[in-house]
Amino acid sequence: MLPSAAHAAPQYPGSLDYVALGDSYASAPGVPEQIDPVCARSSSNYPHLAGAQNKAHLTDVTCSGATTADLAVAQGAAPAQYAALSRRTDLVTVSIGGNDIGFSAVLRRCAALTAGAPSASPCRDQLTQGGIDQVEQSIAATAPKISQVIAEIRSRAPRAKVFMVGYPSLFPDSGVGCTSPSVPIAAGDFAYLRDKTKALNAMIARRAKLAGAKYVDTYTPTIGHDMCRPVGERWIENLAPEAPAAPAHPNAQGEQAMATAVNRALSRCGGAHRA
C-alpha cells in the first residue's frame, strides 16, 4: 500500500496544528525514509523534524517540483497543498520560489556550458547578455507570486503564524568554486550562482516582511557546508550525490540544519505551542 499524500505526525493533546507547504527543499527527495513516492517526501525532512521538536500535529503536503501555482492544484495524485489549511491551523511553513525561477534549469544550463570554458563564466555571460540578467528578471516576476501565496494562506488559516523558509547555501559563500565532474560548474560561475541564491532569498524575505509573515534564514547556518565540501561536511549534495539526496539538494544533515533554523525562528516569536 502506498503512503498517503499527506503524512501526519503523532498528535499530542493540545498540540499545535502545523501545516508544511512547499517544494523539494522541504519534501527532501532521496533522504531516508521516503514516505510518499508521488511527492518524494521524507520522514526526516525539516517539517517532520521541527514538528517532532515542537510536539506538533503535522500535516506535511510538501511536494517535489512545486511552484507557487502548484500550491493551488493537484500534482499528479497529490491534492492541492492549500487544501491542508483550515481555520484551526496554528503554524505554516513554506519553501517555495526556486521552481518558479527555474533554478534547476539554470543549473543544467550552467553544467552544459562548463566543458567549453571551465575557467571562465560561460553561464553568467549567457544569462546576462545585453545587460539583462535573466535570473533577476525571473526573481522579480516571482515576487508578487510569493505575496499571493502568503495572502492565500492568510485567507484559509487566518490565525496561523506563517514562516517563509529560505534556501540554504548551495555554493561556497566565498565564491571560490570546485569545478569537477561531480560539480560541473565553471570557476567564474560559482559567485554568480551564489549571488542569485542570495537574491532569491532576499526577495522572499522582503515579501514576507511586507505581508507580516516571518522569514527563516537557512542560508547563513549552512555556510561552509555547500556542495563543494567533502562528504561529512557537505549538507548540500553535489550533482553526483554520495549521500542519499537529490542532486543540489539538502541531505539529512542539511534538513536537520533547516529544522534547527525553523525552531530558532519559532523561539524568537515566543514559541510555537498553541496558547
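Tutor: Helices (H or I, at least four residues) and strands (E, at least two) are DSSP runs, numbered from the N terminus. The model under discussion is predicted.

Student: In which loop does valine 183 lie?

Tutor: The position of valine 183 is given by the elements that flank it. The loop holding this residue runs between β7 and α6. β7 comprises residues 161-165 and α6 residues 190-210. Valine 183 therefore belongs to neither element, as helices and strands are DSSP runs, and its place is the loop between β7 and α6.

Student: Is valine 183 buried or exposed?

Tutor: A residue counts as buried when its relative accessible area is under 20%. For valine 183 that area is 2%, so the residue is buried.

Student: Which residues does valine 183 touch, not counting residues up to four places away in sequence?

Tutor: One long-range relation of valine 183 is with proline 247, 64 residues apart from it along the chain, at a C-alpha separation of 9.9 Å. A contact, by contrast, requires heavy atoms within 4.5 Å. With residues up to four places away in sequence set aside, valine 183 touches Cys178, Phe190, Met227 and Asn238.

Student: How many helices and strands are there in the protein chain, and what is its radius of gyration?

Tutor: The chain contains 7 helices and 8 strands. For 275 residues the globule rule gives 19 Å, and the chain's own value is close to this, so the chain is as compact as a globular protein of that length. Its radius of gyration is 18 Å.

Student: Which element supplies the largest share of the largest nonpolar core?

Tutor: This core has 46 residues, and those touching the most other members are Leu21, Leu85, Val94, Ile153, Met164, Phe171 and Leu193. Elements that each supply at least two of its residues include β2 (17-22), β6 (91-95) and α5 (134-156). The largest share, 8 residues, comes from α6.

Student: With which residues is valine 94 in contact, leaving aside its neighbours within four places in sequence?

Tutor: Valine 94 is among the core residues that touch the most other members. Once neighbours within four places are left aside, its contacts are Leu21, Tyr46, Val149, Ile153, Phe163, Met164 and Val165.

Student: Is lysine 196 buried or exposed?

Tutor: Lysine 196 is found in helix α6. Beyond its neighbours within four places in sequence, this lysine is in contact with Phe103, Asp133, Val135, Glu136 and Ile139. Its relative accessible area is 8%, and the cut-off for burial is under 20%, so lysine 196 is buried.

Student: What is the relative accessible area of alanine 72?

Tutor: Alanine 72 is found in the loop between β5 (57-60) and β6. Not counting residues up to four places away in sequence, it touches Ala80 and Tyr82; the C-alpha atom of tyrosine 82, 10 residues apart in sequence, is 5.8 Å away. Alanine 72 is partly exposed, with a relative accessible area of 48%.

Student: Which residues of helix α2 are buried?

Tutor: Helix α2 spans residues 46-53 and is followed by lysine 55, whose phi is positive, near 50°. Within the helix, the residues under the 20% cut-off are Tyr46, Pro47, His48, Ala50 and Gly51.

Terms used:
Residues numbered from 1 in each chain as written. Predicted model: local features only at pLDDT ≥ 70, side-chain atom pairs only at ≥ 80, totals over all residues. Heavy atoms only, no water. Rg over C-alpha atoms; globule rule 2.2 N^0.38 Å. Core = buried A, V, L, I, M, F, W, Y, C linked by side-chain atoms within 4.5 Å. Buried < 20%, exposed > 50% of the residue type's maximum accessible area, 1.4 Å probe, protein only.
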